[in-house]
Amino acid sequence: MTTIIPLTQRVAWQALEAHYVKVQELHLRQLFADDPTRGERMTIEAIGIYFDYSKHRITDETLTLLLQLAAESGLRSRIDAMFRGDKINVTEKRAVLHIALRAPKGQTIVVDGEDVVPGVHAVLDKMADCSTQVRSGEWKGYTGKRIRNIVNIGIGGSDLGPVMAYEALRHYSQRDLTFRFISNIDGTDFIEATRDLDAEETLFIIASKTFTTLETMTNAHTARDWLLKTLKHPDAVARHFVAVSTNVEAVAQFGIDTANMFEFWDWVGGRYSMDSAIGLSTMIAIGSEAFRAMLDGFHQMDEHFRTAPFHRNLPVLMGLLVLWYNNFFDVQTMAVLPYEHYLKRLSAYLQQLTMESNGKHVTQDGTEVVYQTGPIYWGEPGTNGQHSFYQLIHQGTKLIPCDFIGFTQPLNPLGHHHDLLLANMFAQAEALAFGKTPQEVQAESIPAWLVPHQTFEGNRPSSTILLERLTPAALGKLVALYEHSVFTQGAIWDIDSFDQWGVELGKALAARIIPELETEDKNRLKHDSSTNTLIRHYRKARF
């Protein structure tokens with residue numbers, strides 16, 4: 001049996017601790033002054049992505065030690081195990097094969113003795129047929145009207161992925177179709193999403209693997225009631241609902257024709273599922289050809305991650321930089337700042353991808369970790385954020401590394417808008433890195449008392465990620481880039497990035513509390529004093 005050396009006892013980790021002491025005060029101004037080629041040298045260009053990591057508080061030695069840590073942590077063998085279909089989700093004894101969702105026809109990926117790729121493409125073909133029928137008007141509702149409204153009902157990965165992808169690729173969407181997304185169990189979400197829709201022209205996609213998810217099924221039953229209020233007959237359900245699920249019996253009982261049920265598999269986690277049948281609404285919006293182009297973008301990044309040497313590997317370097325700040329600078333948050341309005345939901349999507357994956361407090365064998373895992377991800381599109389939270393990033397007391405994401409060509413050319421947009425992105429990265437010294441402020445004849453207020457410390461790290469255009473393929477590359485960066489971090493922290501037990505406790509307690517809220521039963525409540533009091537207060541106001 002191989003003995004696994006704990007992370008903090010590995011040679012590279014201890015070398016990084018000593019190295020951090022030497023470099024923690026180094027300023028990016030000095031690093032760039034000492035190496036005039038730094039901005040050209042510390043870049044990677046691969047599969048249509050230009051990645052500039054020169055504005056990070058690192059030296060060549062930092063990178064060498066981080067890469068050594070990756071090697072000592074068995075990152076290569078972990079990558080190979082995932083692509084091989086090994087059951088690397090150890091707590092659920094499952095393979096982790098979102099990479100199979102975008103594997104081309106002819107590739108072989110075996111799970112439990114079965115090649116899963118043909119099944120993936122069978123579902124994609126079925127999705128394409130549905131998509132074509134809806135987009136062409138061939139799919140008619142119960143009264144013979146064509147479908148014009150598509151409403152996706154899901155939660156978590158069954159919502160965040162489709163919403164993000166629709167917004168990101170809206171430029172390519174069929175504009176005579178309306179798309180809405182319902183996830184929140186708050187009734188307002190359903191009411192506002194359906195308020196102006198015609199039931200005769202509306203198709204609901206119910207996305208729930210088990211067809212038992214509380215929020216999703218509550219909204220699904222409300223949707224059925226809403227539909228039948230207008231269309232009256234239960235047979236209408238089959239023309240206005242499809243399911244993304246594996247529970248044939250429950251889908252049929254709901255009234256959905258199981259021929260319109262789209263399968264996905266237990267080796268696909270919810271937060272990794274936007275390119276599975278969960279993406280049906282995306283395919284309807286942009287068409288099957290564009291959806292397959294997105295899958296090709298995913299696959300290109302998969303192959304880059306699998307084959308590129310670590311020192312030129314985009315997700316590996318991104319993941320190692322996160323680890324460097326998280327574990328040595330004690331950074332708590334990472335900002336993702338896309339300078340592209342269509343990516344306005346990307347940061348929300350990445351919150352689940354990163355924090356549900358790596359928000360873990362024990363290693364794979366159940367040992368309590370003694371180091372930080374899973375930083376907080378957040379962000380907003382530029383330039384809006386510049387007039388909101390950038391003040392804290394520039395002059396606050398917290399160190400917040402940033403990912404700037406931009407595109408060299410706009411999808412909607414309008415005057416010199418795009419030049420202004422990219423100028424702002426480049427300027428923000430420059431200002432964060434180099435700041436403004438007191439001497440530079442004084443040279444502008446600023447009153448002495450104002451100098452401290454207008455001084456920028458700088459030395460705030462960032463990556464800049466540039467692509468040509470926001471195409472479906474580009475979106476696939478970006479999402480897979482972050483997926484594999486998360487994998488890299490989790491592999492080195494020795495945690496299971498693919499389970500999510502932390503979301504289960506609240507669900508279980510909610511199931512217990514629901515009947516206590518919906519009845520005037522005087523039986524003794526058995527929660528803590530705060531929860532008991534809150535339940536009584538709610539009952540008093542409700543009944």
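## Arg-170 and Glu-167

Arg-170 is partly exposed, with 29% of its relative area accessible. In this predicted model, Arg-170 is paired with Glu-167 in a salt bridge whose closest N and O atoms are 3.1 Å apart. The acidic partner has the lower accessibility by class: Glu-167 counts as buried because its relative accessibility is 14%, and the limit for that class is under 20%.

## Salt bridges

The count of salt bridges in the model comes to 26. Side chains of opposite charge can pair when their charged atoms come close.

One of these salt bridges is made by the side chains of Asp-302 and Arg-102, with an N to O distance of 2.7 Å. Asp-302 belongs to helix H13 (residues 288–307), while Arg-102 sits in the loop between helix H5 (75–84) and strand S3 (110–111), so this pair ties together parts of the chain that are 200 residues apart in sequence. Both ends of the bridge are covered: Asp-302 is buried at a relative accessible area of 0%, and Arg-102 is buried at 3%.

A further salt bridge links Arg-195 to Glu-192, and here the closest N and O atoms are 3.2 Å apart. Arg-195 counts as exposed, with 58% relative accessibility, whereas Glu-192 is partly exposed at 47%. Elsewhere, Arg-102, Asp-275, Asp-302 and Glu-483 are joined into one network by salt bridges that share partners.

## Antiparallel strands S1, S2 and S13

Strand S1 (residues 43–46) pairs with strand S2 (residues 49–52) in the antiparallel sense, over 4 bridges. Ala-46 has Ile-49 of S2 as its bridge partner. The two strands form a hairpin with 2 residues between them, and in this hairpin Ile-47 takes a positive phi near 40°.

S2 also pairs with strand S13 (residues 462–467), again in the antiparallel sense, over 3 bridges. In this pairing the bridge partner of Asp-52 is Thr-464, which is in S13.

## Parallel strands S5 and S6

Strand S5 (residues 149–153) and S6 pair in the parallel sense over 5 bridges. From S5 the chain passes through helix H7 (residues 157–168) and on to S6, making a right-handed β-α-β crossover.

Which residue of S6 is the bridge partner of Asn-149? The partner is Thr-178. Thr-178 and Asn-149 are 29 residues apart in sequence, and their C-alpha atoms are 4.7 Å apart in space. When residues up to four places away in sequence are left out, Thr-178 touches Arg-148, Asn-149, Ile-150 and Leu-197. Thr-178 is nevertheless partly exposed, with a relative accessible area of 28%.

## Nonpolar surface patch

Ile-185, Leu-214 and Ile-514 make up a nonpolar patch on the surface, and together they have about 220 Å² of accessible area. One of the three, Ile-185, is in the loop that runs between strand S6 (178–182) and helix H8 (187–194). Ile-185 counts as partly exposed, at 41% relative accessibility.

## Backbone details in loops

The peptide bond joining Gly-382 and Thr-383 is cis, with omega about 10°. Thr-383 is placed in the loop between strand S11 (376–378) and helix H16 (390–395).

Lys-232 is not a glycine, yet its phi is positive, at about 70°. Lys-232 lies in the loop between helix H9 (214–231) and helix H10 (237–240). Is Lys-232 buried or exposed? Lys-232 counts as exposed, with a relative accessibility of 62%.

Asp-494, also not a glycine, has a positive phi of about 60°. Its loop is the one between helix H20 (472–493) and helix H21 (504–517). Asp-494 counts as buried, since its relative accessibility of 17% falls under the 20% limit.

Definitions and conventions
Residues numbered from 1 in each chain as written. Predicted model: local features only at pLDDT ≥ 70, side-chain atom pairs only at ≥ 80, totals over all residues. Heavy atoms only, no water. Salt bridge = Lys/Arg side-chain N within 4 Å of Asp/Glu carboxyl O. Buried < 20%, exposed > 50% of the residue type's maximum accessible area, 1.4 Å probe, protein only. Patch = residues over 30% accessible without salt bridge, like charges linked within 9 Å, V, L, I, M, F, W, Y side chains within 5 Å. Areas by Shrake-Rupley, 256 points an atom, 1.4 Å probe, with all protein chains shown as cover. Pairing = 2+ DSSP bridges. Contact = heavy atoms within 4.5 Å. Right-handed = clockwise from strand over helix to strand, strands pointing away.
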